[in-house]
Structure formats: structure tokens, C-alpha cells
Amino acid sequence: MKFSVVTPSFNQAEFIERTLASVHRQTGDFELEHFVIDGGSTDGTVDLLRRWDDKLSYVSEPDNGQSHALNKGIACATGDIIVWLNSDDILFDGALRKVAAFFSAHPEARWLYGKAKLIDEHDREIRKPITWYKNLLLRRYSYSLLLVENFISQVAVFFHRSLYNEVGGVDEALKYDMDYDLWLKFGRICRPGILDRYLGAFRFYTGCKTGGDIEKTLLVANQIAVKHARAIGKGWLGSVNYWWYYKRTNLIYQLLAEGQRDDSQERP
């Protein structure tokens with residue numbers, strides 16, 4: 001089995017070396033190739049990539065954003081299984097070994113997801129109740145449930161390159177939630193495998209799109225859900241998504257943000 005890791009990147013010098021290290025610590029009975037598609041960073045990212053060029057391939061040039069970079073990277077991939085790993089996220093040690101074992105034991109599976117943790121800029125785990133809640137939903141997959149809310153963490157998803165090509169890749173018109181749109185396209189074709197293991201960590205901070213613009217992210221997710229719900233003749237699920245996912249989750253994040261501000265004001 002061969003994994004192709006694709007890392008879209010832009011001005012992530014603060015985090016990207018931790019991302020690269022998490023990939024190249026992976027060991028197991030598999031092959032590995034790694035492509036970093038950088039959008040022309042000016043913050044020292046390219047200097048870091050040069051130090052890793054014996055382990056990976058990279059380009060650094062202007063592009064049309066994360067979705068375009070991902071499609072460009074996967075077009076270069078020669079592996080059976082695609083790993084989409086953003087330049088501020090990490091894989092946990094042993095993740096690829098566990099994924100390889102799952103696909104070997106379940107050859108019918110064309111994509112799978114596992115569990116992920118949320119971490120901050122300093123690699124500290126945060127928002128454990130959110131992780132707990134998502135883990136509850138992970139075991140109860142249905143396409144209708146996925147239309148109601150996106151409970152799948154992008155860093156813990158692995159998929160066959162053939163499936164990605166079959167759905168036409170990532171929608172390059174999307175700046176937000178292109179992963180959610182991709183899961184819904186995958187789900188129209190086949191069910192995912194579920195690997196009940198922690199596979200990676202998603203970094204949540206104000207500089208990332210989710211952390212810095214959560215309301216916009218949730219609104220676009222609702223628009224995506226409405227589109228796919230209508231496509232299967234269940235448009236009402238888009239309304240459920242709006243009230244249960246967009247409105248509820250936006251409120252939760254607002255309360256969490258207020259709690260963090262209050263906590264920081266109390267510190268000396």
C-alpha cells in the first residue's frame with residue numbers, strides 16, 4: 001500500500017515543521033510520498049521546506065487557494081490512499097499504520113474516518129467536550145446525519161484516489177468547507193469505514209479559517225448541506241442543518257469565545 005500525503009500551505013512557518021515531522025515519523029508496512037503545495041509563502045516557509053527536500057516534493061508559487069492547491073497536489077499523487085493534511089495540523093504516531101491495517105482488512109472500503117483531537121498553537125488539547133460529542137456521532141454514521149451536521153474531522157479522513165477522481169475532486173469555488181462538500185460527495189457513492197482510533201489533531205486558533213471566521217464557515221456549511229439535501233430529494237434536512245448545526249454551533253462558539261476572554265482578563 002502506498003500513501004500520498006498532500007499538504008496545501010501558505011504562510012504557515014510557525015506550524016508547518018511540526019506537520020512535516022508528524023508525517024515523517026510514521027512507520028509501517030507501506031510506501032509514503034509527500035507533496036507540499038505552497039501558495040508562494042513569504043514568511044520563511046520555503047526555507048523550512050528546503051531543509052526537508054530529501055523527504056518530500058514541494059512547489060511554491062501563487063495559486064487560487066487551498067482547494068486549487070489540493071487538486072494540484074493530488075494530481076501528482078501516485079499512491080493508493082490520499083492523506084489531506086493541512087500545514088498546521090498533525091498526524092499522531094502510528095496513524096498510517098492503523099489506516100493501512102484497516103484498508104487491508106476491509107478492501108471494499110473506499111474511504112474512512114477516525115477520531116481527531118483539537119489543539120491550540122502550543123499543541124495543547126482544547127475543547128474536549130466538542131471532541132467527546134463528535135466521537136458520539138462518529139459511531140452513528142448515516143448520510144442523513146452527515147447532512148444535518150459535519151461531525152467528520154478532515155485530518156482523520158483517508159480516501160482512495162479513485163474515489164476522489166470519481167467525484168471530481170475538491171470544488172475550487174469553495175474557500176470554506178470544501179472538506180464537508182467532499183464528504184457529502186463521497187457519501188453519495190459509498191459509506192465510509194469507521195476507525196475508532198485517534199489519528200490526528202486539528203489546530204484551532206484565531207488565525208485559521210474555522211477559528212477566525214466561524215460564523216462564515218458554518219453558513220457556508222449550511223449552504224452545502226442544502227445543496228446536497230435537495231439533490232437526494234430531502235431538502236428539509238437543509239432546514240434542520242440550519243437550526244441544529246448553524247445556529248446552535250455558532251452560539252456555542254460565541255459562548256466559548258466569551259469564556260476565553262473572561263479567563264484571559266482574570267489572569268495577572
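This is a short dialogue on how to read one protein structure.

Reader: What kind of model is this?

Author: A predicted model. Keep that in mind throughout.

Reader: Where do I start? How many helices and strands does the protein chain have?

Author: Start with the secondary structure. Here the protein chain has 11 helices and nine strands. Next comes the overall spread. The radius of gyration is 18 Å, close to the 18 Å that the globule rule gives for 268 residues, so the chain is as compact as a globular protein of that length.

Reader: What box do the C-alpha atoms fill?

Author: Taken along the principal axes, the box is roughly 55 × 50 × 35 Å.

Reader: How many of the residues count as buried?

Author: The cut-off is under 20% relative accessible area. By that test, 52% of the 268 residues are buried. Look at the surface too. The protein chain exposes about 12,500 Å². Carbon and sulfur atoms supply 51% of that area.

Reader: What do the contacts say about sequence distance?

Author: Take contacts between residues at least 6 apart in sequence. Of these, 77% join residues at least 24 apart.

Reader: Let me try one helix. Which residues of α3 are buried?

Author: Helix α3 covers residues 66-76. Its buried residues are S67, A69, L70, N71, G73 and I74.

Reader: What do the buried residues of α3 pack against?

Author: Sort the partners by type. The strands are β1 (2-9), β2 (31-38), β4 (81-84) and β8. The helices are α7 (161-166) and α8 (178-189).

Reader: Now aromatic rings. How do I describe a pair?

Author: A pair of aromatic rings is described by the distance of the centres and the angle of the planes. In this structure the count is 12 aromatic pairs. Take F202 and F204. Their ring centres are 6.4 Å apart and their planes stand at 65°, so the pair is edge-to-face. The cut-off for that label is over 60 degrees.

Reader: Are F202 and F204 buried or exposed?

Author: F202 is partly exposed, at 23% relative accessible area. F204 is buried, at 9%.

Reader: Which residues form an aromatic cluster?

Author: One cluster is made of W84, W111, F159, Y164, W183 and F186.

Reader: W183 again, please. Which residue touches it?

Author: N150 is in contact with W183. Leaving aside neighbours within four places in sequence, N150 is also in contact with D179, Y180 and Y245.

Reader: Where does N150 lie?

Author: In the loop between α6 (143-148) and β8 (157-160). N150 is buried, with a relative accessible area of 12%. Check its side chain as well. A polar atom there lies 3.2 Å from the backbone nitrogen of I152.

Reader: How many disulfides are there?

Author: A disulfide needs two cysteine sulfur atoms within 2.5 Å. The count here is zero. Still, look at the cysteines C76 and C190. C76 is partly exposed, at 41% relative accessible area. C190 is buried, at 17%.

Reader: How do I read backbone angles? Which residue has a positive phi of about 50°?

Author: Look for positive phi in a residue that is not glycine. R127 is one case, with phi of about 50°. R127 sits in the loop between β7 (125-126) and α5. At 13% relative accessibility, R127 counts as buried. D177 is another case, with phi near 60°. D177 lies in the loop between α7 and α8. D177 is buried too, at 9% relative accessible area.

Reader: What follows R127 in the chain?

Author: K128, in helix α5 (residues 128-138). K128 counts as exposed, at 51% relative accessibility. The cut-off for exposed is over 50%. The C-alpha atoms of K128 and L118 are 7.5 Å apart. Along the chain, those two residues are 10 apart.

Reader: One last residue. Where is V46, and is V46 buried or exposed?

Author: V46 is in helix α2 (residues 45-51). V46 is buried, with a relative accessible area of 16%. Leaving aside neighbours within four places in sequence, V46 is in contact with D38, S41, Y58 and S60. S60 is 14 residues away along the chain, yet its C-alpha atom is 7.2 Å from that of V46.

How values were computed
Residues are numbered from 1 along each chain as its sequence is written. This is a predicted model: local features need pLDDT of at least 70, side-chain atom pairs count only at pLDDT 80 or more; totals for chains, interfaces and linings use all residues. Side-chain values use heavy atoms; hydrogens and water are left out. Buried means under 20% relative accessible area, exposed over 50%, partly exposed in between (1.4 Å probe, protein chains only). Helices (H or I, at least four residues) and strands (E, at least two) are DSSP runs, numbered from the N terminus. A polar contact is a pair of N or O atoms within 3.5 Å; within protein, one must be able to donate a hydrogen and the other to accept it, and residues adjacent in sequence count only if both atoms are side-chain atoms. Contact means heavy atoms within 4.5 Å. The radius of gyration is taken over C-alpha atoms; the globule rule is 2.2 Å times the number of residues to the power 0.38. Accessible areas come from the Shrake-Rupley method with a 1.4 Å probe; for residues, only the protein chains shown count as cover. Rings of Phe, Tyr and Trp (its six-membered ring) pair if their centres lie within 6.5 Å; planes under 30 degrees apart count as stacked, over 60 as edge-to-face and the rest as tilted.
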